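Visitor: I have a model open and I'd like to learn how to read it feature by feature. Could you walk me through it?

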Amino acid sequence: MKEQWLHEQFSKIDVSDKRLKKRAVDIAIGCAEHPEESLAGRFDDWADLKATYRFFSHPKITHQTLQQPHYHQVLERARWCEETVLFIQDGSELLFNSHPWTHGLGPTADSNGNGLMFHSCLVAKYHESEETEILGLGYQEVWVRPEEKSANDPKESEVWLRTLEQMGRPEKNWISVSDRGSDIYDFIHGANKLGWKHVVRARHDRKVEIEGKQTRLFPWIRQQTAQCTSKLYVKAKGEELPGEVTLEITWVKAKLLPPGNGNSVATEEVKYIRVWCPERPKLEWLLITNLPIDNEGDALRIVKIYRRRWLIED
């Protein structure tokens, strides 16, 4: 079953040479059978190891070339789903700090970091009462951070919107879910323009327009009383014991002001949801969404959808 799946993924890479396609499948099988080994440990035969090195040195073999068939299959499955489908984005790093002589790496968030930057979009079928079903990756990018940044370098934050663009036109039941790194006006504006529904964790205390008046979001929404509650089981953290806690939830319609001068006109209509726990003051989520909220059921559903974001970190 595993070999059949790997054959389906890697035999369809976009190269004209059939030998490269076969080699891609053979390497994938070797990696799957011995994930803990280096390349030398995955292939007993010297000729196979040399062929593997030649494969990765081939100019047509890139990260996107190898991943593209998988993206296509995942997105096709997502288009046929009747249930809600979540597109969960997150960034990560591959650290090679113990490989100081390896070339082609760059700085990471670690001050002494040496490695690669990744941004992935995990696609999952959402069942409110059942376990979420992982479909695979809808898109992924990898890049090397330059040692020194210049004014002409593209912003890394652009990858959030670019990921949605690369996956194409969204279906009505597709929802993008992302953490605080995506609380960027251009991402929210771009996602709306592309037709994506989204749930984003807020990071910035923006100036917003609520009921025709401009105000800072965080102080305003933290003064509001709960409109509904929900239960959540939390794990032990520090001196806090595990157990079930009560979450309080409120929400409001708002308009975002684009970055710029104080005369900007608010155009992006969103809803903000605040989730907090009086028993544990550090437990708080502020969410931005363009999904409708007409009642507490809608708000609770959005909170449950955001909680599935942790799938990409497991």
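## Reading the model, loops first

Guide: Sure, let's start in a loop: Gly238 sits between strand S8 (228-234) and strand S9 (243-256). Keep in mind that this is a predicted model.

Visitor: Is Gly238 buried or exposed?

Guide: The cut-off for exposed is over 50% relative accessible area. Gly238 reaches 79%, so it counts as exposed. As for where it lies relative to Glu131, the two are 107 residues apart in sequence, and their C-alpha atoms are 28 Å apart in space.

Visitor: Which loop holds Glu211, and what is its phi?

Guide: Glu211 is in the loop linking strand S6 (207-210) and strand S7 (213-216). Its phi is near 55°, a positive value in a residue that isn't glycine. With 78% relative accessibility, Glu211 also counts as exposed. Compare a glycine case: Gly195, just after H7, takes a positive phi of about 90°. In H7 itself (residues 185-194), the buried residues are Tyr185, Phe187, Ile188, Gly190 and Ala191.

Visitor: Let's zoom out. How many helices and strands does the protein have?

Guide: There are 9 helices and 11 strands. The C-alpha trace spans about 70 × 45 × 45 Å along its principal axes. Of the 314 residues, 44% count as buried. For contacts between residues at least 6 apart in sequence, 57% join residues at least 24 apart.

Visitor: How do I read a pair of packed helices?

Guide: Two packed helices are described by the angle between their axes and by the distance between those axes. Here, take helix H1 (residues 2-10) and helix H5 (residues 63-79): their axes come within 7 Å and cross at roughly 105°. Angles of 65 to 115 degrees count as roughly perpendicular, so H1 is roughly perpendicular to H5.

Visitor: Which residues make that contact?

Guide: From H1 you have Trp5, Glu8, Gln9 and Phe10, and from H5 Leu66, Pro69, His70 and Gln73. By type, the residues of this contact split into 4 nonpolar, 3 polar and 1 charged.

Visitor: What about the core? Which residues have the most contacts inside the largest one?

Guide: A nonpolar core is a set of buried nonpolar residues joined through side-chain atoms within 4.5 Å. The largest one here has 37 residues, and Val85, Phe87, Met167 and Tyr272 have the most contacts inside it. Helix H6 (residues 159-167) supplies the largest share of this core, 5 residues. There is also a second, separate core of 26 residues, which includes Leu283, Ala299, Val303 and Tyr306.

Visitor: Tyr272 caught my eye. Which residues is Tyr272 in contact with, leaving aside neighbours within four places in sequence?

Guide: Among them are Ala202, Arg206 and Val208, then Leu217 and Ile221. Thr250, Trp251, Val252, Ala254 and Leu256 are on the list too, as are Leu287 and Ile288.

Visitor: Last one: how many disulfides are there, and why is Cys277 not in a bond?

Guide: A disulfide needs two cysteine sulfur atoms within 2.5 Å. By that rule the count is 0. For Cys277, the closest cysteine sulfur belongs to Cys228 and is 14 Å away, so it is too far for a bond. Cys277 is buried, at a relative accessible area of 2%, whereas Cys31, at 24%, counts as partly exposed.

How values were computed: Residues are numbered from 1 along each chain as its sequence is written. This is a predicted model: local features need pLDDT of at least 70, side-chain atom pairs count only at pLDDT 80 or more; totals for chains, interfaces and linings use all residues. Side-chain values use heavy atoms; hydrogens and water are left out. Buried means under 20% relative accessible area, exposed over 50%, partly exposed in between (1.4 Å probe, protein chains only). Helices (H or I, at least four residues) and strands (E, at least two) are DSSP runs, numbered from the N terminus. Contact means heavy atoms within 4.5 Å. Axes are lines fitted to C-alpha atoms, for helices over the stretch in contact, and angles run from 0 to 180 degrees between N-to-C directions. Angles under 35 degrees count as roughly parallel, over 145 as roughly antiparallel, 65 to 115 as roughly perpendicular and the rest as oblique. Ala, Val, Leu, Ile, Met, Phe, Trp, Tyr, Cys and Pro count as nonpolar, Asp, Glu, Lys and Arg as charged, and the others, Gly among them, as polar.
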